[in-house]
Amino acid sequence: MRTSLSATYLDGALRRSRVPGATASYSFTGSQVAWIAARGPTRGSARVYIDGRYAATVKLYGRTLQTRRAVYTYSWATAGPHR
């Protein structure tokens with residue numbers, strides 16, 4: 001996983017990997033989550049797991065670069081700890 005810093009990135013940081021099978025995780029407490037990412041010609045796809053269960057495969061490929069897109073969202077009826 002590689003981190004790049006720039007004021008143009010949401011919250012100032014971008015985390016990425018070009019290694020097939022690489023993983024990333026995010027833990028939080030709340031009732032909604034959104035994955036913000038870019039879509040473009042050099043992007044692949046990723047499997048999303050919510051609380052340890054498969055939720056979706058997100059395809060990030062696009063003919064043109066589109067930055068800061070909500071590529072996946074999920075919500076629960078009540079707030080709680082999630083990963």
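These exercises work through a predicted model of one protein chain.

**Exercise 1. The overall layout**

Task: State how many helices and strands the chain has, and in what order its elements run.

Solution:
- Step 1. Count the elements. The chain holds 0 helices and 6 strands.
- Step 2. Read from the N terminus. The order is β-β-β-β-β-β.
- Step 3. Add the dimensions. Along the principal axes, the C-alpha atoms fill a box of roughly 35 × 25 × 20 Å.
- Step 4. Add the burial. The chain has 83 residues, and 22% of them count as buried.

**Exercise 2. The aromatic rings**

Task: Find how many aromatic pairs the structure holds, then classify the pair of Phe28 and Trp76 as stacked, edge-to-face or tilted.

Solution:
- Step 1. Search the whole structure. The search gives 4 aromatic pairs.
- Step 2. Take the geometry of one pair. The ring centres of Phe28 and Trp76 are 6.0 Å apart, and their planes meet at 55 degrees.
- Step 3. Apply the cut-offs. Planes under 30 degrees apart count as stacked and those over 60 as edge-to-face; the rest are tilted. The Phe28 and Trp76 planes are at 55 degrees, so this pair is tilted.
- Step 4. Place the partners. Phe28 belongs to strand 3 (residues 28-39), while Trp76 belongs to strand 6 (residues 66-82). The pair therefore ties together parts that are 48 residues apart in sequence.
- Step 5. Widen the view. Ring pairs join Phe28 and Trp76 with Tyr26 and Tyr74 in a cluster.

Task: Decide whether Phe28 is buried or exposed.

Solution:
- Step 1. Take its relative accessible area, which is 15%.
- Step 2. Compare with the limit. Buried means under 20%, so Phe28 is buried.

**Exercise 3. A charged patch**

Task: Name the residues that form a patch of positive charge on the surface, and locate Arg16.

Solution:
- Step 1. List the members. Arg2, Arg16, Arg18 and Arg43 gather in this patch.
- Step 2. Locate Arg16. Its place is strand 2, residues 13-16.
- Step 3. Check its exposure. Arg16 has a relative accessible area of 30%, so this residue is partly exposed.
- Step 4. Look at Ser17. This serine sits in the loop between strand 2 and strand 3. Its relative accessible area is 34%, so Ser17 is partly exposed.
- Step 5. Connect Ser17 to a patch member. Ser17 and Arg2 are 15 residues apart in sequence, and their C-alpha atoms are 6.1 Å apart in space.

**Exercise 4. Positive phi angles**

Task: Describe the phi angles and surroundings of Asp51 and Arg68.

Solution:
- Step 1. Take Asp51. Its phi is near 50 degrees, a positive value in a residue other than glycine.
- Step 2. Place Asp51. This residue is in the loop between strand 4 (45-50) and strand 5 (53-59). Its relative accessible area of 39% makes Asp51 partly exposed.
- Step 3. Take Arg68. Its phi is also positive, at about 50 degrees, although Arg68 is not a glycine.
- Step 4. Place Arg68. This arginine lies in strand 6. At 48% relative accessibility, Arg68 counts as partly exposed.

**Exercise 5. Separation in sequence and space**

Task: Give the separation of Arg39 and Thr78 in sequence and in space.

Solution:
- Step 1. Locate Arg39. This residue is found in strand 3. Its relative accessibility is 24%, so Arg39 counts as partly exposed.
- Step 2. Take the sequence separation. Arg39 and Thr78 are 39 residues apart.
- Step 3. Take the spatial separation. From C-alpha to C-alpha, Arg39 and Thr78 are 30 Å apart.

Conventions:
Residues numbered from 1 in each chain as written. Predicted model: local features only at pLDDT ≥ 70, side-chain atom pairs only at ≥ 80, totals over all residues. Heavy atoms only, no water. Patch = residues over 30% accessible without salt bridge, like charges linked within 9 Å, V, L, I, M, F, W, Y side chains within 5 Å. Areas by Shrake-Rupley, 256 points an atom, 1.4 Å probe, with all protein chains shown as cover. Salt bridge = Lys/Arg side-chain N within 4 Å of Asp/Glu carboxyl O. Lys, Arg positive; Asp, Glu negative; His and termini not counted. Charge placed at Lys NZ, Arg CZ, Asp CG, Glu CD. Helix = DSSP H or I, 4+ residues; strand = E, 2+ residues; numbered from the N terminus. Buried < 20%, exposed > 50% of the residue type's maximum accessible area, 1.4 Å probe, protein only. Phe/Tyr/Trp six-rings, centres within 6.5 Å; stacked < 30°, edge-to-face > 60°.
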